[in-house]
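Student: I should like a close look at a single part of this chain and at how that part fits into the whole. Please define the terms as they arise.

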Amino acid sequence: QVQLVESGGGLVQPGGSLRLSCAASGSISSINVMGWYRQAPGKQRELVATIISGGRTNYADSVKGRFTISRDNAKNTVYLQMDSLKAEDTAVYYCNANAITKYGSSFTYWGQGTQVTVSS
């Protein structure tokens, strides 16, 4: 069993900052890719950022220069530092991980989601 637990969401004013965290736990051998997705009301879930075990990152054009993804491989934790937040960043943010269990199987896992609201 693998579980992803997100934290750090909340209400912030435009131009403010938030830092999201996602910790993976369970029978994990290694995690290749970790990332963040978001889903706003009336829209489909979209990719925000990803990071592989070697450190290479990928960002959606809408967040480049404002968001920074990082990870602590020893703790199986991924972070998303969000700066200069805009109203259009309002969404439920979901953590994602492609993990190999101690039994040798590879699976994709999702967190429950954490709400980020940017409003005056």
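Tutor: Two strands are said to pair if DSSP finds at least two bridges between them, and strands (E, at least two residues) and helices (H or I, at least four residues) are DSSP runs numbered from the N terminus. The model is a predicted one, in which local features need pLDDT of at least 70 and side-chain atom pairs count only at pLDDT 80 or more, while totals for chains, interfaces and linings use all residues. Residues are numbered from 1 along each chain as its sequence is written, and side-chain values use heavy atoms, without hydrogens and water.

The part chosen here is strand 4, which spans residues 28-39 and pairs with strand 9 (residues 91-101) in the antiparallel sense over 10 bridges. Within that pairing, Val 33 has Asn 98 of strand 9 as its bridge partner. Strand 4 also runs antiparallel to strand 5 (residues 46-52), to which six bridges join it; there, Gly 35 stands opposite Thr 50. Six residues lie between the strands in the hairpin of strand 4 and strand 5, where Gly 42 takes a positive phi near 80 degrees.

As for the whole, the chain has 11 strands and zero helices. Its radius of gyration (taken over C-alpha atoms) is 14 Å, close to the 14 Å that the globule rule (2.2 Å times the number of residues to the power 0.38) gives for 120 residues, so the chain is as compact as a globular protein of that length. Of the 120 residues, 42% are buried, meaning under 20% relative accessible area with a 1.4 Å probe, protein chains only.

Note on methods: Buried means under 20% relative accessible area, exposed over 50%, partly exposed in between (1.4 Å probe, protein chains only).
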